[in-house]
Amino acid sequence: MAAEPLILVTGATGYVGGRLVGLLEQRGARVRCLARRPDFLEGRVSPATEIVAGDVRDRASLREALRDVHTAYYLVHAMGRGRDFAAAEREGAINFGAAAREAGVSRIIYLGGLADPTADLSPHLRSRLDTGMHLRASGVTVVELRASIVIGSGSLSFEMIRALVERLPVMVTPAWVRQPAQPIAIDDVLRYLVAARNLLAEDHAVVEIGGPDVVSYLDLMREYARLRGLRRWFLPVPVLTPRLSSAWLGLVTPLFARVGRHLIDSIRHPSVVRDPAAAARFDVRPVGVTAAMRAAIADDERRMPGTRWFDSMAASGTAPYGGRRLGNRLVDSRTLRVPVPPDRAFAPIERIGGETGWYYGQWLWRLRGAIDLLAGGVGLRRRRRDPERLRPGDVVDCWRVDRVIRGERLRLSAEMRLPGHAWLDFHVKPDGDGARITQTATFDPRGLAGLLYWYGIWPLHALVFRGQLRGIARAAAREDARHGAGAVDDAATPAGPTAGAAGRPISKHPAG
């Protein structure tokens, strides 16, 4: 029997791509994923799925990724990169198209935005349409699906609607919330993407996809409130600029202000299906807004949506992800010994953040999150994917999981606004009949501002990090007691000469 055609998925760490990979795997497809950080896909994809390191902006890295590929999904988005997102998307599309042509790829399937190409569009929507144009210019057959608002737990639009309606009983509503749109459920988007592999098209195809209902963002907010049983009041205002609206969204919702502005700029344009060809070319019958919203709420209430919009690396706004070496690193390391097994010592570490909190000075963490939001950062609005388990790439409030070895190590990378880059490491190692927990905060300062930041708030950091480690130790003791191993002293004491008399830092000076 002939081997199944090989499928490449770009953007596999993102909202749509992550769900598409799982669906293709369920259908027995041969899948290869392209990712800038392959370790972020470990544990998320089937062992049979290949993972290749690469970046669409690095043409050389695409050769291996596209080797022997029949169909390639192009699901890359650069909206979170800042002002240069359009240039980044253009470069990525041109590189990918050229590399796909050289590799003999038969078809590229691209998910873009739904808009009238003849209109004076926002930079975001124009870039979405231009990306399809650049891919087609390569000569490879391109099936471009153009979608409006995507409704699904974890999607950018749904998260904005959910956060606004849940938090604000009264909302002022500018004109942009009344623009007509044709939302589509994430499951229907995925059905179209899978079916596009077999679409009979020898030449390029542009297909507009949407659900059966034409509504506005205001309608969606009202429907969400109705389904959740919430009474909400909407007060129209004649003028509220995209800049002011995006700043407000950055304070109230999990959106970055810059992403919110791009989104609002796009919402100001109608996004409805003008060509109904999708109904004739695909055996997909999208559900309406109410059914899509019900499914999103149900998925959200399970607290484990498959993917979320800010899981993607582009959404983090860090390039490259993981930070850069900007100078000598500053280190705060503390150690405690706890008389519990290592796996039980690690359990509270893996639950850190989200509803569990940070084990000490939670009001200080909330204050830091509020300051970060005012500075245009992510704050603490983003929720954990799973309250118990973490995997590489997961979001933990204003941090992202860089590495996790269950029962042994958790490494978090900061995504808050900082004059440098920060990491928070937890190591758990066996120590006799107990375990030793080492907590290390590392800061890579950027110039004088970074040094002033570190030493200026050093007393506060010392207080929080010391209390946090002791809080983790107490939680580990409770974890052990729940498992019937016997309670331990609730005030675990620092162990060993490296910890100092009261869990003082091993080092608070530049380290190589």
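## Pairing of strands E6 and E10

In this predicted model, strand E10, residues 205-209, pairs with E6 in the parallel sense, and the two strands share 5 bridges. Within E10, Glu 208 is the bridge partner of Arg 146.

## Pairing of strands E6 and E5

E6 also pairs with strand E5, which spans residues 107-113; this pairing is parallel and comprises 7 bridges. Val 142 of E6 is the bridge partner of Ile 108. Between E5 and E6 the chain passes through helix H4, residues 123-136, and the resulting β-α-β crossover is right-handed.

## Burial of strand E6

Strand E6 covers residues 141-147, and 7 of its 7 residues are buried. In a regular strand, side chains alternate between the two faces of the sheet. On one side of E6 lie Thr 141, Val 143, Leu 145 and Ala 147, and on the other lie Val 142, Glu 144 and Arg 146; all of these residues are buried, so that both faces are covered. The buried residues thus include Val 142, the bridge partner of Ile 108, and Arg 146, the bridge partner of Glu 208.

## A nonpolar surface patch

Elsewhere in the model, Val 170, Val 172, Trp 233 and Leu 235 form a nonpolar surface patch of about 370 Å². Strand E8 (170-173) and strand E11 (233-236) are the elements that contribute two or more residues to this patch.

Val 170 belongs to strand E8. Its relative accessibility is 43%, and Val 170 therefore counts as partly exposed, because that class lies between the limits of under 20% for buried and over 50% for exposed residues.

Definitions and conventions. Residues are numbered from 1 along each chain as its sequence is written. This is a predicted model: local features need pLDDT of at least 70, side-chain atom pairs count only at pLDDT 80 or more; totals for chains, interfaces and linings use all residues. Side-chain values use heavy atoms; hydrogens and water are left out. Buried means under 20% relative accessible area, exposed over 50%, partly exposed in between (1.4 Å probe, protein chains only). Helices (H or I, at least four residues) and strands (E, at least two) are DSSP runs, numbered from the N terminus. Two strands pair if DSSP finds at least two bridges between them. A crossover is right-handed if, with the strands pointing away from the viewer, the path from the first strand over the helix to the second runs clockwise. Patches are made of residues with over 30% relative accessible area and no salt bridge: like charges are joined within 9 Å, nonpolar side chains (Val, Leu, Ile, Met, Phe, Trp, Tyr) within 5 Å. Accessible areas come from the Shrake-Rupley method with a 1.4 Å probe; for residues, only the protein chains shown count as cover. A salt bridge is a side-chain nitrogen of Lys or Arg within 4 Å of a carboxyl oxygen of Asp or Glu.
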